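Please work through the exercises below with the sequence and the model open beside you. Try each task before you read its solution.

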Amino acid sequence: MAGRVDPAGRVYASALYQAAADAGKVQEVDGDLDALISTLGENEILLRALVNPALPREAKARVLSRVLGQADPLARNAVLVLAHHGRLELLVDLQAAYAELAAEDEQILAVEVTTAVELTKADLDALAKRISDAVGRQAHVTASVDPTLIGGLVLRARNVLVDASVKRRLEELRRALIRTPLPVGSEA
């Protein structure tokens, strides 16, 4: 799950999603966008070329056409529109927003869980089942570790954050102690 997605990326993703849904190719386009982002992540030279402002937009479009040669025409054309308008910086946002729409289409809820220690596969499966039962959708859980949480967990799904960490509870206690006036004189 992408952090913050640029609103312009959401606009492009929404338009692409509507076209893909009308054509019955939501999952194909999702896979092609995901593959493109993976390819760019693995090929530093290609990525540098595409973000290089000295390289003309037409050259970037030709490179992307070759990279997306086997991709669905909807995905290829959406990426080429970004290149044509000089908005390739929105590519990751487009992919993240489109993936959210595709997951919504399949009734999948992407959930990020952060814990102080690594969770076992059994723990992740149990957590995914509990979330799925609670929200009525299939939960796809990805886990990360942040030792500063001390204990507990932090869940993120869409724009919802549930922070049940010990770190947050200690911070709340600290704030309460700061705000609480101390008794004066004989009250002490």
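What follows is a set of exercises on strands and helices, each with a worked solution.

This is a predicted model, in which local features need pLDDT of at least 70 and side-chain atom pairs count only at pLDDT 80 or more, while totals for chains, interfaces and linings use all residues. Residues are numbered from 1 along each chain as its sequence is written, and side-chain values use heavy atoms, with hydrogens and water left out.

**Exercise 1. The sheet**

Find the order of the strands in the open sheet, and name its edge strands.

Solution. Begin with the terms: helices (H or I, at least four residues) and strands (E, at least two) are DSSP runs, numbered from the N terminus, and two strands pair if DSSP finds at least two bridges between them. In general, strands of a sheet pair through backbone hydrogen bonds, either parallel or antiparallel. Next, read off the order of this open sheet of four strands, which is β2-β1-β3-β4, with mixed pairing. The edge strands are β2 and β4 (160–165), each of which pairs on one side only. Finally, the twist from one strand to the next averages 20 degrees.

**Exercise 2. Two pairs of strands**

Determine in which sense β1 pairs with β2, and in which sense β3 pairs with β4.

Solution. Take β1 (residues 108–115) and β2 (residues 138–145) to begin with: they run parallel and are joined by eight bridges, and Thr 114 of the pair stands opposite Ser 144 in β2. Between these strands the chain passes through helix α7 (residues 121–135), giving a right-handed β-α-β crossover (with the strands pointing away from the viewer, the path from the first strand over the helix to the second runs clockwise). Now turn to β3 (residues 152–157), which pairs with β4 in the antiparallel sense over six bridges. Here Leu 155 stands opposite Val 162 in β4, and Val 154 stands opposite Asp 163 in β4. The hairpin of β3 and β4 has two residues between the strands, and in this hairpin Arg 158 takes a positive phi near 55 degrees.

**Exercise 3. Helix α1 and its partners**

Work out how α1 is oriented to α2 and to α6, and which classes of residue make the two contacts.

Solution. Axes are lines fitted to C-alpha atoms, for helices over the stretch in contact, and angles run from 0 to 180 degrees between N-to-C directions. Angles under 35 degrees count as roughly parallel, over 145 as roughly antiparallel, 65 to 115 as roughly perpendicular and the rest as oblique. Helix α1 (residues 7–23) packs with helix α2 (residues 26–42) at an angle of about 135 degrees, their axes being 8 Å apart, and therefore the two are oblique to each other. The contact (heavy atoms within 4.5 Å) is made by Leu 16, Tyr 17, Ala 20 and Ala 21 of α1 and Val 26, Val 29 and Leu 33 of α2. By class, these are seven nonpolar, no polar and no charged residues (Ala, Val, Leu, Ile, Met, Phe, Trp, Tyr, Cys and Pro count as nonpolar, Asp, Glu, Lys and Arg as charged, and the others, Gly among them, as polar).

With helix α6 (residues 91–105), α1 packs at an angle of about 45 degrees, the axes again being 8 Å apart, which makes α1 oblique to α6. The contact of α1 with α6 divides into ten nonpolar, two polar and four charged residues.
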